[in-house]
Amino acid sequence: MRFGKTLRESIYPPWKDQYIDYSKLKTMLREDRKEDEDVPWTEDDENRFCDEVFNVQLEKVARFQEKTVAALKERAEIAFDKLKDMAPSDDKPKSDITTARLKELLAELDAITNEVKELKKYSSANYTGFLKIAKKHDRKRGDRYKVRPMMRVSLSERGFNSEQAYTPLLTKLSLMYFAINENLDDGDQVQPVDLDLDNPHEVHNGERYTAHKFWIHTDNLLEVKTAILRHLPALIYTQQAGQEPDGNEDPKITSLYFDNSKFDLYGRKVDRQVDASSLRLRWYGQLDAKPDIVLEQKIVHENGTSEERKFNIKDKYIKQFIDGEYKMEKTVSKMERQGRPAEVIEEFKKTVGEIQNFIIENKLEPILRANYTRTAFQKPADDRVRISIDTDIAFIREDTLDRDRPCRDPQEWHRWDIDGNKMTYPFKNINQSEVSRFPYALLELKLKEEGGRKRPRWIEDLMASHLVHAAPRFSKFVHGVASLFEDYVNQLPLWLSDLETDIRKDPQQAHDEEEQRKAQQAEDAMVVGSFLGPGAAARIGSYKPATSSPVGKSYLSDRAAREATSSIPPTAVNGREGREGEQGDEEGSNQKGYGTLSSVFPGFSLSRYSRAKRQREQLPEGVTKPEVWLKNAGPLQVEPKVWLANERTFLKWQHICVLLGSLAISLYTAAGGNFLAECMGIAYVVIAIMAGAWGYFMLHKRRDMIVDRSGKDFDNMIGPLLVSAALMLALILNFVFSVRPPTYYPYSHERILTHLR
């Protein structure tokens, strides 16, 4: 479908005059006028077009959006004030609140919510229109000037098509909906209000999780990882199965997404339609290593939750399964031979049938490849907090839309030029127009919902810090399609404009904004709590300033406050009283090295000044020096292979001891009256004893290092060198003493011949 038709169908009638005039801009580009193809594109034509698109159309749309957002916020505040007036008090009991007034206010909230939805559609349609017309200009009239980069920057600077502007408004609306519904349905139990409107819920094995997604700038990646490692261990997975820790490097994950030529799945996901689904094949490592391939279907339900259907499939059956020629009969037969329960087999058949029907009905085929490196963080046997960081993210076309030059062989389900040649990031050996590299790392937190249990404080601090940029609706599938198939789709995701901005934030500014947001949220919650009755505010949420006490401070907010102190001019600091001023100066001097290697690794500098400075450093108030290293905290968990490796090394030494001892005893026994042989036998016995003693000593030393969780190296070259040197010296001496000079006979040749006769 052409974008002009899509734009006309998406127009909201009351705002029809406020949309981008796409037809006018196309006319100015002479898009559909063949008779003007030979007419040159002049400087005046370029100026007229740029003036129209930037100074007229973009300004018109941006001003209307700002005006509408401000009006919606004002209407929400008026509705909130009405809700305040309805709150019960000593003079006005709760029974005086009439159902009619509540329903009237609920109707007003519905009107505001519907208009917010229409405004988001309006923003998305116009955002896509501006990018489309800029691309048409660069392709048709961009011989001298390219306007698309300037257009993306202009859209980003105006805050166009960004979800961040809607979040506070939606949060306040959700609070009012909660309060009104609780009073209209008196028999229902009061539940905590869910403020995470932009964070979808997922269901895994019957457990509900809330997913939070963020972008991480490469400059902040190390600090984010170290902040997480303070609380969760890193899990390194095998490339084969990706399930068991194996000590290897982070796995490379490949996801192969499905869609059809009309990109229906993409459109549903961008529009957030009910039961929007996505389908992908996923495996770890290189395909020639025969990894486990999982076919997954993710379904988003009307209530915002999502669930996954998946099963394993071998690569040789994938093409047949997509074409409907194979229905996993061999896997079903194997399950029957293994004696699996009938209900498990039926559930498997149902999942397979639903996914295959979904593929056939929607005419799906592999369309996009996403390749990335994943680092996972999770406590063993504890899935309450699961964190993953994806880096080196690349999207690659896997389609056959162009029948003359398909990216993938239509008779195959994947690209052999990538998998056959074992290509890895950054995929420089393929057509670069078929690759899109994501500039940031992707952080995803999945928090298990447990009956009102609060999130860990360090999670809250990380989510609110300057180190991450919130991207709640980000999807690899949607972003890859929008980046590589822009000419085939008529709607672009909201987060694309954020790619043109620097997502790095000032620490103090981010800290202040988060504190202001929490204070406003707590104030709104208190109003709703007073409306619902005593104790309700505590169930909804509470707020405590981060600077109220040293104990209540988080690491990130405390550091941000110290950095703000260090930025104060010396004259302002000197004006403080006594000890407070000295403390501010000291904290300011301690933060000057922020961002350097020594600030990340405090023990890296070996200078005398640095050592003396570290000795003078004092812990802040309320913080005590730990008695046990963080690495030594908790129960000792050592894999059996570590103990067995230590024992195998000991047995090797004993093997050497036995061999040398046997040689020494044999030599000493066979010596007879040979004094040299007896001495060498005794020397070899001593060397054998040395080898046995060294092996026994290192067995216990390494055992103590394992128990103490020492970070030192386990190898030791002294013992092997001493034993080898002693053995070599003994062999040389044995050889020297065993060689005798030839016997000299003082006879002449004539006497020898005479004697022989």
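Modeller: Before we look at helix H11, a residue counts as buried under 20% relative accessible area, as exposed over 50%, and as partly exposed in between, with a 1.4 Å probe and protein chains only. This is a predicted model, in which local features need pLDDT of at least 70, side-chain atom pairs count only at pLDDT 80 or more, and totals for chains, interfaces and linings use all residues. Residues are numbered from 1 along each chain as its sequence is written, and side-chain values use heavy atoms, with hydrogens and water left out.

Biologist: Which residues of H11 are buried?

Modeller: They are Ile 345, Phe 348, Thr 351, Val 352, Ile 355, Gln 356, Phe 358, Ile 359 and Asn 362. Because they cover an arc of only 165° around the axis (taken from the directions from the helix axis to the C-beta atoms), they lie on the same side of H11. On the other side, Ala 342, Glu 343 and Glu 361 are exposed.

Biologist: What makes strand E11 largely enclosed by the rest of the structure?

Modeller: Eight of the eight residues of E11 (residues 441-448) are buried, so the strand is largely enclosed. Ala 441, Leu 443, Leu 445 and Leu 447 are buried on one side, and Leu 442, Glu 444, Lys 446 and Lys 448 on the other. Helices (H or I, at least four residues) and strands (E, at least two) are DSSP runs, numbered from the N terminus.

Biologist: Why is E11 said to pair with strand E2?

Modeller: Two strands pair if DSSP finds at least two bridges between them, and E2 (residues 207-216) and E11 have eight, in the antiparallel sense. Within E11, Leu 445 is the bridge partner of His 212.
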